[in-house]
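User: I'd like to understand where the labels for this structure come from. Can you take me through them?

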Amino acid sequence: QVQLVESGGGLVQAGGALRLSCAASGSTFSAYAMGWFRQAPGKEREFVAAMSRSSRSTRYSDTVKGRFTISRDNAKNSLYLQMNSLKPEDSAVYYCAAVFRFSSDYVPAGQNEYAYWGQGTQVTVSS
C-alpha cells in the first residue's frame, strides 16, 4: 500500500502560479503510475494529469495542457504539479492518486484505474 499526502494549495490571483506536491510513503514509489485529479464544488472529480512510473510518458486534460506540468522525483518519493496561468475555473480540491503498474510507460487517465488517493489540497483562484 502507499499513503499519499498533498500540499501546496492556497489562494492565488488569476494569472498566477502554484506548485502542488504529493508525498508518498509506505511502498516503493517508483512502482506506481501517478495522477492528479480535481473536484470543484457541485462537479464530478475530473482528470488533470498523469505520469508513468518511468516519467517518460505523460497525459494532460485539454483544459490544462500547456499551463500545467506534472513531474515526479522517485528519489524523494514525490509527485508535483506546476500550475501556471491559473484561471478561476481551476479552483478545486486537487487530489493525487497512485496505481501499481508493471508497465513502466503506462499512463492511466481514468480515475477508476487508481487504487490510492490522498486527502486533497484546496486551490482557489480569484478573478
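Analyst: Sure, starting with a definition: helices (H or I, at least four residues) and strands (E, at least two) are DSSP runs, numbered from the N terminus. Here the elements of the chain run β-β-β-β-β-β-β-β-β-β-β from that end. This is a predicted model, where local features need pLDDT of at least 70, side-chain atom pairs count only at pLDDT 80 or more, and totals for chains, interfaces and linings use all residues. Residues are numbered from 1 along each chain as its sequence is written, and side-chain values use heavy atoms, with hydrogens and water left out.

User: How many helices and strands is that?

Analyst: Zero helices and 11 strands.

User: What makes the chain as compact as a globular protein of that length?

Analyst: The globule rule is 2.2 Å times the number of residues to the power 0.38, and the radius of gyration is taken over C-alpha atoms. For 127 residues the rule gives 14 Å, and the chain has 13 Å, which is close, so it is as compact as a globular protein of that length.

User: Why is V48 called buried?

Analyst: Buried means under 20% relative accessible area, exposed over 50%, partly exposed in between (1.4 Å probe, protein chains only). V48 has 0%, so it counts as buried. Of the 127 residues of the chain, 43% get that label.

User: Where does V48 lie, and what is it in contact with?

Analyst: V48 lies in strand β5, residues 46-51. Contact means heavy atoms within 4.5 Å. Leaving aside neighbours within four places in sequence, the contacts of V48 include W36, R38, Y60, F68 and Y94. V48 and R38 are 10 residues apart in sequence, and their C-alpha atoms are 6.7 Å apart in space.
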